[in-house]
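The following exercises concern helix geometry, solvent exposure and charged side-chain pairs. Each task is followed by a solution in steps.

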Amino acid sequence: MGDAAEDFISNLPQSILENILTRLPIGDAVGTCILSSKWRYKWATLTQLVFDENCVPISNDRVPVEKSLVKFITHALFLHQGPIHKFQLSTVHLQSCPDIDQWLLFLSRNDIRELVLELGEGEWFRVPSCLFNCRKLTRLELFRCEFDPPLTFTGFPCLRSLNLHQVLVAPEAIESLISSCPLLESLSLSYFDSLDLNICAPKLKYLYLEGEFKDIHLESTPLLVSMSIAMYMTDDIAEHFEQSSSCNFLKILGGVPHLEKLVGYIYFTKGSSNTLAAIEAPDLDFWEKECHADCSFKQLKLVKMTDISGVPHEMELIKFLLSNSPVLEIMSITPCTFVTERKVNMLIELVRFIRASPRAEIIFIQN
């Protein structure tokens, strides 16, 4: 009975066997090679390889763990047969390791479509030039890397999802990368400093930005449905807003007719002494002066705003969104922790604002 069961499993279609092995941790999948001669190399045709520190025994000594992990991954790639569509490496035990360059070179020749590199603290890994030859990439996620596209790079024609987290890259290189990925649908940029960002992505649907942004301009994003922006307000950024002749929020909201979800965060960093003064700057009628008469968010259903201090510019933005969102369902507002006396007045003012949507509900969250 046991032999029959073993034969039954061993003789399942390759697609089913790969589905089973893919759901196992890579260490366990490789371990199936000891089951029988039939299973010896079944793992070696997996098209998805996900590595982390659990692939090898963990100890308090970093060096042997790093050596074991490098040896395990190198061995797995050396024995692998056929294409590799997904490669993910998530570990704190590797930083700038020369073996990673060799792995990426190997992957660039094996039809890689999804690549995730999440490396540990320490020296940052510089992405090798071979990565930019991966023309079939559909998903790219880089954490704590140096990213410098060569002059000959013309983009990733199949890329649909791009996530850069704590990545050292020139601002012009980011804009060029985004505009040269014609199928890009999801974009996430986090931990960038003093960045002037122009986004041109006709297919973009999901956008997440986090960092110190001096300007964000959505040049061509007509299909955007969800947007989350977390801004760190420093003295330099606040001074830039104060001296700017145009409204930063208007550039963000000017070309998103299909927006359904909008989330905004503003974090005040320590030492930003003139931040509130900048936000309380004059020219509060810019919405009426700058916006077109037909400016409307006809699909916006959810707005979430945190760390609101209740200053005029913030309230005018909330008022503008409420009066121009005919299908809005929820406006969630969380005030700053240091705002105490103004909370009641803020709430009274919010209730008085005209709402284009009869279903719009204002949720005032007090921490």
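**Exercise 1.** Which residues are exposed on the other side of helix 4?

*Solution.* The model is predicted, so local features need pLDDT of at least 70 and side-chain atom pairs count only at pLDDT 80 or more, while totals for chains, interfaces and linings use all residues. Residues are numbered from 1 along each chain as its sequence is written, and side-chain values use heavy atoms, with hydrogens and water left out.

Step 1. Fix the classes: buried means under 20% relative accessible area, exposed over 50%, and partly exposed in between (1.4 Å probe, protein chains only). Helices (H or I, at least four residues) and strands (E, at least two) are DSSP runs, numbered from the N terminus.

Step 2. List the buried residues of helix 4: Val65, Leu69, Val70, Phe72, Ile73, Ala76 and Leu77. Viewed down the helix axis, they fall within an arc of 160 degrees and therefore line one face of helix 4; the arc is taken from the directions from the axis to the C-beta atoms.

Step 3. On the other side of helix 4, the exposed residues are Lys67, Lys71 and Phe78.

**Exercise 2.** Compare the expected span of helix 4 with the distance between its end C-alpha atoms.

*Solution.* Step 1. The expected span is 1.5 Å times one less than the number of residues.

Step 2. Helix 4 (residues 62–79) has 18 residues and should span 26 Å.

Step 3. Its end C-alpha atoms are 26 Å apart, in agreement with that value.

**Exercise 3.** Identify the parts of the chain that the salt bridge of aspartate 111 and lysine 136 ties together.

*Solution.* Step 1. A salt bridge requires a side-chain nitrogen of Lys or Arg within 4 Å of a carboxyl oxygen of Asp or Glu. The structure holds seven salt bridges.

Step 2. In the salt bridge between aspartate 111 and lysine 136, the closest N and O atoms are 3.3 Å apart.

Step 3. Aspartate 111 lies in the loop between helix 5 (98–108) and strand 3 (114–118), and lysine 136 in the loop between strand 4 (125–126) and strand 5 (139–146), so the pair joins parts that are 25 residues apart in sequence.

Step 4. Aspartate 111 is partly exposed at 34% relative accessible area, and lysine 136 is partly exposed at 43%.

**Exercise 4.** State how exposed each partner is in the salt bridge between arginine 359 and glutamate 329.

*Solution.* Step 1. The closest N and O atoms of arginine 359 and glutamate 329 are 3.8 Å apart.

Step 2. Arginine 359 counts as exposed at 61% relative accessibility, whereas glutamate 329 is partly exposed at 29%.
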